[in-house]
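Work through the exercises below with the sequence and the model at hand. Each task is followed by a solution in steps.

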Amino acid sequence: MSTAQHLTLVTDSAPQEASITLSDFGVWFGDSCIISGVTAQLPARGVSVLVGPSGAGKSTLLRAINRISDDTAGLAIKGGLTFQDEDIYAGCCDVTELRARIGMVFQKPCVFPRSIAQNVLFGLRGVKLSQAQKRDIVESALRSAALWDDVHARLGERADTLSLGQQQRLCIARALALKPDMLLMDEPTASVDPVSARTIETLMRDLGKTIPVLTVTHNLGQAKRVADYVMFLCDGQLVEAGTTDHMFSKTALPKTQTYLCEEFCDC
Amino acid sequence: MFSRAAKEHVFAAATRIALFISIGILAFLLGAIILRGLSALSLDFLFTPSRSFGSSGGIAYQILGSLLTAITAGLIATPVALGASVYRSEYMTSQRARRIFDLMLYGLNGVPSIIFGLFGLILFVNIIGTGLSWFVGGIILAVMMLPTATLATVNAMRGIEKNYRENALALGLTREQTALRIIIPQSLHGLVTGVLIGLARAIGETAPIMFIATAFSGATVPTSLHEPVATLPTHILALAQQAADPAALKNAWGASFTLIALVALFSLAAFFARARLSPYSRR
């Protein structure tokens, strides 16, 4: 599919207000092209979901948005990527500040070998805060991550004593403590049990009311449940993007319908 | 033809024999030193200076000299090993450069100790003109223990999952902050273990400090950096040369036992430090 076709398809159902704008965006590692010609806009609120078969470039695209892969050897970025009208790959962009603004939660929960409270405050080290401010931030972040009720009585305990589902919610709380402008989630429910997965899904929906949330998932049921906006990537190219209703309906492209309905892709 | 079970028995027996040989040699050596050394040991022996070239008196200055040079070495080697490990782990992105760095460390680890002694003699005594100095001995011992400490730290850093780095970076931490708050605390057990094992080796070394830092007799408590000290290994060497004198031989066993005890102390400390400082230990 050509870039011109992408533009047409995406613009048809593009959101009115955008958080992320991709213009003919591509990611290369050495000679390997992982993503190419992606042109899309993500809405300024709500949950956007990246779907597609393994190797489609979903995680690469997600990681490109907060520049977490910057140190990877051979990385080359082509095209444009703006966040709230700011060119993320411009020379003047402060990468560490950008990463704090665009929070990221990874597939595997990873808590630091410290207490639950210290984990929540980890990204705020270096910021002078009173004990009362710290308590407020910890409580607020844990409540936002639907974890406060589970852990409020043991904030001083080591974080790795929590269950995997709780650890993942702690990772979300840790990102939320920085009050990010956007949250990226790379298969956040892949390593947790179904009950925890549902809790995280609810959490995503709640977070989407205040900030844009972009998540990657292989679980199409989950995509249907949580997404306001869906992007379908295949073989490094954006096949189609649009609202959830559109993407899961008969009006979507045949290729999209085949993948979203039959979980099969012939890219 | 042997049956599979018979082969299994032969293999198990061969490995058992290998184990018994290695334990047997160690037990014999330690047993001999402990049995003979204990008879020489007393508070007087440990806390009084030697007299008559060591055949009478104690080993107070030798213990002090050994600890002084070894601890100086540890203090010098620790920050260098830590810095080198952090650079290799966090800033050296080329795999080829990492391999060369590792190879150099393994090479440095294999250099015979006498070569370090000669290097110290030429550089510090002949060229710089420091004369015999316990501090120079500490520097040379630090160079000797550097590969052990660095490799142990590098291995500990290698064991830290990529996830930790990515999660720290994703929270807006710089590479420096990631190194200080995630990488170093989580690899501290490797550094401490490496330094303590290096110390255990350094305190027993004779050759590297023989020409540059020690005096066989007459050395007391140094009052400046440019003075020699007496150390346990050189003292044992001097006493062994007077083996015909039973009093000197008895003191040699006593000094050997003390040296072994110090080495064991450092090794035990390394064992407990590893268990205590490991990020996976429950505190």
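**Exercise 1.** Determine in which sense strand β3 (residues 47-51) of chain A and β9(A) pair, and over how many bridges.

Solution. In this predicted model, the two strands pair in the parallel sense, over four bridges. To fix the register, take V230(A) in β9(A): V49(A) stands opposite this residue.

**Exercise 2.** Find how β9(A) is joined to strand β10 (residues 237-243) of chain A, and describe the hairpin that the strands form.

Solution. Start with the direction: β9(A) and β10(A) run antiparallel, and six bridges join them. Next, look again at V230(A), whose bridge partner in β10(A) is G242(A). V230(A) thus has V49(A) opposite and G242(A) as its partner in β10(A). Finally, inspect the turn: two residues lie between the strands of the hairpin, and D235(A) takes a positive phi near 55°.

**Exercise 3.** Sort the residues of strand β9 (residues 229-234) of chain A by the way they point, and decide whether they are buried or exposed.

Solution. In a regular strand, side chains alternate between the two faces of the sheet. Applied here, Y229(A), M231(A) and L233(A) point one way, while V230(A), F232(A) and C234(A) point the other way. Both sets are buried. The count agrees with a mostly covered strand, as six of its six residues are buried.

**Exercise 4.** Classify the packing of helix α4 (residues 95-109) of chain B against helix α6 (residues 134-158) of chain B.

Solution. Two packed helices are described by the angle between their axes and the distance between the axes. The axes of α4(B) and α6(B) come within 8 Å and cross at roughly 140°. Therefore α4(B) is oblique to α6(B), since only angles over 145 degrees count as roughly antiparallel. The handedness of this crossing is left-handed.

Now list the contact. From α4(B) come L105(B), L108(B) and N109(B), which meet L146(B), P147(B), T148(B), T150(B) and L151(B) in α6(B). By type, the residues of this contact divide into five nonpolar, three polar and no charged.

**Exercise 5.** How many residues does the contact take from chain B and from chain A, and which elements of chain B give two or more residues to it?

Solution. Count each side: chain B contributes 15 residues and chain A 19 residues. On the side of chain B, the elements giving two or more residues are α7 (162-170) and α8 (175-203). The largest share of that side, six residues, comes from α7(B). The chain B side divides into seven nonpolar, six polar and two charged residues.

Technical notes:
Residues are numbered from 1 along each chain as its sequence is written. Chains are lettered from A and ligands numbered from 1 in the order in which they are written. This is a predicted model: local features need pLDDT of at least 70, side-chain atom pairs count only at pLDDT 80 or more; totals for chains, interfaces and linings use all residues. Axes are lines fitted to C-alpha atoms, for helices over the stretch in contact, and angles run from 0 to 180 degrees between N-to-C directions. Angles under 35 degrees count as roughly parallel, over 145 as roughly antiparallel, 65 to 115 as roughly perpendicular and the rest as oblique. A crossing is left-handed if the near helix is turned anticlockwise from the far one by less than a right angle, and right-handed if clockwise. Two residues are in contact if their C-beta atoms, placed from the backbone, lie within 7 Å. Ala, Val, Leu, Ile, Met, Phe, Trp, Tyr, Cys and Pro count as nonpolar, Asp, Glu, Lys and Arg as charged, and the others, Gly among them, as polar. A residue is buried if 20 or more other C-beta atoms lie within 10 Å of its own, exposed if 12 or fewer, and partly exposed in between; C-beta atoms are placed from the backbone. Two strands pair if DSSP finds at least two bridges between them.
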